[in-house]
Amino acid sequence: MLIFHGSPVQGALFDMDGTMFDTERLRFQTLKQASQELIGQAFSDEYLMQCLGLSATTAEQLAQQQYGSDIPYKKIRQRADELELELVRNEGVPIKKGLVQVLERLRKSGLRMAVATSSRRAIAEEYLINANVYKFFDVLVCGDEVEQGKPHPEIFEKAAEKLNLDTSQCLMFEDSENGITSAHAAGGITILFKDIKVPNDNMLSKANFYFETMYDYLEDLDQYVPAMDMPILQETFPQTLNQLTVGIHGFGAIGGGYIAQILSHWDGYTRPQRIIASTRNSLYREAVNAFGTYSIRYGQVSYDERIEYMSVIDADNEQHMLDMYLESSLIALCLPEQAIATEAKMIAKGLYARFASQTMQNSRPLTFLIILNKVGAKKLVLAHIRTQLIALSNEEIADQIMAQHYFCDTVVNRMVSKLSEQHLYRQLKIKYNFFKQYQSDVEDENVEIEDTSKLSTEQEHQASVYIDDMRRNFQPSHILQTMDLILFNSETDMPIYVENNSPLVAKMRQMVVVDNIADIQLIKNRLWNGVHAMMAWYASLLGHETIGVAMGDARVQALVKHLLQEVKQGLAVCLPKRAQDLGRLAKSFVESCQYAYKDPCQRVARDPLRKLGHNERVFGSIVNNLQYNLPIDHLLWGASLGYFYAFRYSATKFEHLSEHLELNLKHLSLSDEQKQYLEQMIRGYLKDLMDDPDRLNHSNFLYHHDRQQYNCA
């Protein structure tokens with residue numbers, strides 16, 4: 001049962017044409033064409049408007065009054081049916097946007113459901129099946145099954161009776177004057193939608209509730225149905241597809257290995273009918289499109305999660321990118337910071353195309369999720385997009401376009417790694433050989449594959465052969481359907497923190513909506529990103545290949561423990577209201593690292609000098625702790641490891657490292673004495689490591705260094 005605006009509801013009765021389906025306009029078109037063919041005169045709009053909601057018998061009587069008693073109405077109607085069915089079979093039923101979401105919520109609220117339509121059963125069943133919504137309805141009552149059509153209440157009364165419900169317990173959905181009159185006379189809770197005919201006072205007086213669109217009703221209904229809890233990892237995605245398309249601008253580790261999973265769970269009631277993702281990696285693009293699906297591997301629980309309804313497009317194909325922006329309701333920007341400046345041009349073109357299009361079906365604002373591992377990400381992204389929009393138009397239009405859409409900063413709480421091209425090549429080769437063996441065409445050649453990060457020209461060619469052959473021969477019942485294509489390794493954290501800046505995000509099942517995203521960004525930047533980088537520098541210098549393996553080393557464990565302690569101390573002072581988040585994120589971070597056996601240390605450790613910038617994750621924690629007279633010993637040691645990592649693996653000279661340190665220290669909001677101390681300590685650690693790298697092997701190295709005591713106050 002559903003309590004809707006204080007009324008207990010146990011059933012939902014839907015008119016079909018004009019209410020669920022946008023078929024009234026289509027019906028007008030086919031009736032005009034059929035009447036022109038058979039009587040040489042097209043039915044007038046006035047006559048057709050009068051017929052809205054009428055039974056076939058009543059409509060025929062009205063036609064005889066206006067076009068003569070000998071009008072072959074039944075033949076005209078039959079011909080119109082043929083024309084309409086031909087269009088529907090070729091192009092599908094035009095469903096009112098938001099319908100599927102409404103039906104799913106009503107059904108999951110326990111309501112019994114029926115269709116009460118003036119259409120004949122043969123037509124109604126075909127439309128409902130074509131639209132894939134027949135599954136929602138227990139009962140179907142049609143115009144050729146009642147004695148008296150609308151506006152008489154018989155059809156609604158009969159539908160309620162078949163559901164064993166009183167009409168007063170039923171929501172009744174209509175769009176026409178005759179329909180709402182019928183529902184009102186039946187004694188139901190009447191809900192009126194605007195369709196072709198703008199509701200007049202008589203219609204509005206008989207409606208308990210009026211909504212211009214199905215989406216408007218959906219927003220109202222959402223107040224009375226329960227929000228779905230955070231999903232558990234092995235819970236299946238919603239089976240029902242809504243009419244939404246969503247985009248992922250950047251099919252990398254986070255885009256493909258996390259955001260795609262979030263979008264597939266959607267609001268828990270339905271899921272998007274299509275996810276479009278962009279990449280320049282042709283191997284990944286062709287592999288996903290050939291298989292029609294791919295999987296994310298959660299090694300921590302030995303579970304492979306399959307992502308479906310995914311199309312991967314070429315990021316260099318401008319028309320495909322524009323189509324993604326035109327069709328989507330939400331787009332996740334999953335781009336590295338260094339790519340924002342160049343990709344902003346494509347983003348601006350997409351927004352401008354959306355603004356300029358006069359035939360765009362989805363006219364609602366676009367919601368952007370900005371997935372960028374950086375404090376102040378939104379400001380950076382918006383500045384680049386606005387600059388490019390101005391280049392395409394002018395400042396006034398640029399600001400108008402920006403104001404039309406929702407931009408939401410985010411904080412990602414999950415570690416994901418993308419499989420290398422070599423790992424993907426291995427999978428394709430094994431699956432291909434299995435595929436050919438299944439066909440009894442060839443034997444496995446057992447060719448050894450060189451373990452390098454990039455493919456050779458021959459391997460690229462051979463991978464394309466594998467994909468093309470499997471695509472041509474793949475059948476729905478084929479053995480390949482049971483073979484998952486693993487593209488990403490992921491940890492198990494489910495929630496993503498999202499800025500409360502779009503009405504859409506509040507409905508999303510895995511989104512934790514926060515009013516001040518800057519707090520969460522700061523915690524993530526320092527507690528996760530900063531500690532992650534410092535542990536990766538140390539782990540790489542110790543010779544560990546992956547984060548998970550490194551966490552088995554007592555020296556790495558000790559460093560992580562001390563770093564988390566120091567960072568948490570500083571954050572707890574400057575963000576006292578976020579104590580719960582600090583504890584949860586710290587615990588989640590350690591657990592993620594412990595199981596990150598597929599996450600390369602060098603991936604996390606890359607670009608150390610950027611991460612050691614004055615406004616970045618490491619020095620941000622150092623400055624914060626100094627300002628509150630809190631310990632910084634292990635943070636200094638971690639910063640020194642970053643400089644030594646740059647010296648060892650990037651062949652950066654000591655002089656350049658010193659210049660970098662000196663330049664960034666100048667920008668810190670500290671006293672000259674504090675800056676001098678930081679420079680002295682980090683230079684000292686760095687020189688010691690350069691003189692004797694074996695010092696890395698001592699977990700108590702900090703206490704062997706000749707450090708001066710410093711009062712932070």
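## A nonpolar patch on the surface

In this predicted model, three residues, Val 549, Tyr 595 and Tyr 597, come together on the surface as a nonpolar patch, and their accessible area taken together is about 300 Å². Of these residues, Val 549 belongs to helix α20, which covers residues 547-550.

How far is Val 549 exposed? Its relative accessible area is 43%, so Val 549 counts as partly exposed, a class that lies between the limit of under 20% for buried residues and that of over 50% for exposed ones.

## The protein as a whole

The protein has 713 residues, and buried residues make up 55% of them. Its secondary structure consists of 28 helices and 20 strands, and the C-alpha trace spans about 110 × 65 × 55 Å when it is taken along the principal axes.

## The largest cavity

Rolling a probe the size of a water molecule over the atoms shows where empty space is left. When the whole structure is searched, three cavities of 30 Å³ or more are found, and the largest of them has a volume of about 460 Å³. Its lining is made up of 31 residues, and those that lie nearest the centre of the cavity are Asp 17, Glu 24, Arg 27, Leu 54 and Arg 77.

Which helices supply at least two residues each to this lining? They are α1 (24-39), α2 (45-51), α3 (56-67), α4 (73-91) and α6 (121-130), and among the contributors it is α4 that gives the most, with five residues. Sorted by class, the residues that line the largest cavity comprise 13 that are nonpolar, seven that are polar and 11 that are charged.

## The second largest cavity

The second largest cavity has a volume of about 40 Å³, and the residues that line it are Tyr 643, Phe 654, Leu 657, Ser 658, Leu 661, Ile 682, Arg 683 and Leu 686. Two or more of these lining residues come from each of the helices α27 (654-666) and α28 (672-691), with α27 giving the most, namely four residues.

By class, the lining of the second largest cavity holds six nonpolar residues, together with one polar and one charged residue. Under the classes used here, Ser counts as polar and Arg as charged, so the polar member of this lining is Ser 658 and the charged member is Arg 683.

Technical notes: Residues are numbered from 1 along each chain as its sequence is written. This is a predicted model: local features need pLDDT of at least 70, side-chain atom pairs count only at pLDDT 80 or more; totals for chains, interfaces and linings use all residues. Side-chain values use heavy atoms; hydrogens and water are left out. On a 1 Å grid over the protein atoms alone, a cavity is a set of points where a 1.4 Å probe fits but cannot get out, and a pocket is an open set with protein on both sides within 12 Å along at least five of seven lines; lining residues have an atom within 4 Å of a point. Grid points are joined across faces, edges and corners, and a volume is the space filled by probe spheres set on the points. Patches are made of residues with over 30% relative accessible area and no salt bridge: like charges are joined within 9 Å, nonpolar side chains (Val, Leu, Ile, Met, Phe, Trp, Tyr) within 5 Å. Accessible areas come from the Shrake-Rupley method with a 1.4 Å probe; for residues, only the protein chains shown count as cover. A salt bridge is a side-chain nitrogen of Lys or Arg within 4 Å of a carboxyl oxygen of Asp or Glu. Buried means under 20% relative accessible area, exposed over 50%, partly exposed in between (1.4 Å probe, protein chains only).
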